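Visitor: Please put the structure up, and then let's go through it bit by bit.

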Amino acid sequence: MATKVIAGKEVQINDEGFMTDPAEWNKEIAAAIAVEEGISALTDAHWKVIDFCRTTTAGLGGKSPTLRQITAGTGVSTKELFSLFPKGPAKKVAKIAGLGKPEGCV
Amino acid sequence: MKRLLIIGAGTAGTMIANRLRRALDVEEWNITIVDPVETHYYQPGFLFIPFGMYSKNDVVKPTRDFIPVGADFVKAAADLIEPDQNRVKLADGRTLGYDVLVIGTGAYIHPEETPGLREQEWGRSIHEFYTLEGAIALARHLRTWQGGRLVVNVVENPIKCPVAPLEFIMLADWFFHEKGLRDRVELVYATPLSGAFTKPIASKHLGYILEQKNIEVVPDFVVEHVDPDAKKLVHYDESEVEYDLLVTIPLHKGDELVARSGLGDELNYVPVDRHTLLSKTRDNIFVFGDAAALPTSKAGSVIHYAVDGFVENFLRYVDGLDLLPSFDGHANCFIESGFGKGLLLDFNYEVEPLPGRYPLPGVGPFALLQESEMNHWGKVMFRWMYWNILLKGKELPLPARMSMMGKWAR
Ligand SMILES: Cc1cc2nc3c(=O)[nH]c(=O)nc-3n(C[C@H](O)[C@H](O)[C@H](O)COP(=O)(O)OP(=O)(O)OC[C@H]3O[C@@H](n4cnc5c(N)ncnc54)[C@H](O)[C@@H]3O)c2cc1C
């Protein structure tokens, strides 16, 4: 598996740039990945969603939450999620939060 | 006399009733199964109806034919589970008590949750094939359809049999070829996921297949609403996909009973331990099949493997022993890819679909992650197996837990 230095720390990543060990994640890494994803500054609204994903993923056996789980759990609407994390919020949040890519079974 | 109550006589409830009736002493355990519907549907067969390959008669049988001797069938809907009282209120006013409850109430489509879907164009330019009526209406529509842009759209996951939409579009490719219409049909698959196949090895082996069939994939498409008059799907980010014929796989939810009884998550699925199927909040409620919130496919084959390991576990449970973590999320799905061929996937919670041979390592006869005619026959045989072996809870000579033998991780 490949590694990459993000915000001064060496972390493991997969082919698509998703971190593979959530324990290696920290807030500086999140901010740096966000910039790569075109989000220049993480606001409180972003953090609310990121924090939620970090905490629920553990309960989901390491699976990143779906959009609906995020909206139900945070009260942030899908429309808002798309403006906070343009073009694919579930995938983007997962990446920034140091979690795996949301996947189907195939 | 102890009471085992099963809600839902679908794939899961019926299998459990058959397996446990044989395993439990009739003198000690009463088994009751409640369901308001007296028809059992072979849902995997719905896929073939739009193309005239199956008809209604191929997919329905009387529920009672599959209820084992020594179990009681009660024709009624469960209206409320009262877990604190260990009882279930039925819609007809009766109440049934239980020592152990099994929930097998399934998952259902909700087109009304997406604005524009179930409105004036429903059944005209907008169709679905996840219900028998929907599949029959679509068959009628396709018989005379003259071509255009056919879009298959998955509104939101999880859905039943996650590969069925892909199978539908590959069968459509074949169907229009046979009709001599293929050059007048555009086939488009719009999915909220990042691609038709998302697991790395499966996408490497299968990615080419849609391209070869000239099926366009629109990834990351999350539909906010449908404009039925302008015939377009509108994304939350305001991008659009136009169609002439929309085949939607609407949002799925568990039965309202689950929500009313306070046992469900945001989609009315019941959270359970993923290795034992025991409810996370109640130690005498098990959940099988589509009703459970599990990170594996909502599919009949999954239920078969889950039930396989459950029987021994239930006997331990009755004796007061700890449950074993017997279920590993094992699923296998035959995927119809058209022109008399099929694909086969085999995976579980931990291991993604890999290439190889199944079930005999190196021999097969089924090829994993590869198109073959044998895999198509596997799917055809599945219907016979479903009615004659799986539902009746007979043993299949296949191991319940997934095996890595005969597979390679590339
Ligand atoms: C188009 C399509 C293709 C598919 N293809 C495949 C495939 O190729 N392979 C595969 O393995 N699986 C496939 N599946 C999935 C498979 O059919 C389901 O996973 C399986 O039938 C689920 O079984 P279940 O018992 O959980 O639910 P169901 O079989 O749906 O049964 C639920 C039962 O609960 C009853 N019920 C609901 N609410 C109540 C209540 N309140 N009180 C009492 N009873 C209630 C219902 O009447 C119903 O009889 C497919 C499904 C579809 C729709």
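Visitor: Which residues form one aromatic cluster?
Guide: Keep in mind that this is a predicted model: local features need pLDDT of at least 70, side-chain atom pairs count only at pLDDT 80 or more, and totals for chains, interfaces and linings use all residues. Residues are numbered from 1 along each chain as its sequence is written, chains are lettered from A and ligands numbered from 1 in the order they are written, and side-chain values use heavy atoms, leaving out hydrogens and water. Rings of Phe, Tyr and Trp (its six-membered ring) pair if their centres lie within 6.5 Å. The cluster is made of F51(B), F129(B), Y130(B), W145(B), F168(B), F175(B) and F176(B).

Visitor: What is the angle between the planes of Y42(B) and Y386(B)?
Guide: The whole structure has 25 aromatic pairs over all chains. Y42(B) and Y386(B) form one that is tilted (stacked is under 30 degrees, edge-to-face over 60, tilted the rest). Their ring centres are 4.8 Å apart, and the planes meet at 55°.

Visitor: How many residues apart are Y42(B) and Y386(B)?
Guide: Y42(B) sits in the loop between β3 (39-41) and α2 (56-59) of chain B, while Y386(B) belongs to helix α8 of chain B (helices, H or I, have at least four residues, and strands, E, at least two, as DSSP runs numbered from the N terminus). So the pair links distant parts of the chain, and the separation is 344 residues.

Visitor: Are Y42(B) and Y386(B) buried or exposed?
Guide: Buried means under 20% relative accessible area, exposed over 50%, and partly exposed in between (1.4 Å probe, protein chains only). By that rule, both Y42(B) and Y386(B) are buried.

Visitor: Where is S125(B), and which side chain does it join in a polar contact of 2.6 Å?
Guide: S125(B) lies in the loop between β10 (107-109) and β11 (126-127) of chain B. With a relative accessible area of 5%, S125(B) is buried. A polar contact is a pair of N or O atoms within 3.5 Å; within protein, one must be able to donate a hydrogen and the other to accept it, and residues adjacent in sequence count only if both atoms are side-chain atoms. Here the partner side chain belongs to E121(B).

Visitor: And what about E113(B): which side chain does it make a polar contact with?
Guide: E113(B) is also placed in the loop between β10 and β11 of chain B, and at 37% relative accessibility it counts as partly exposed. Its side chain makes a polar contact of 2.7 Å with the side chain of K253(B).
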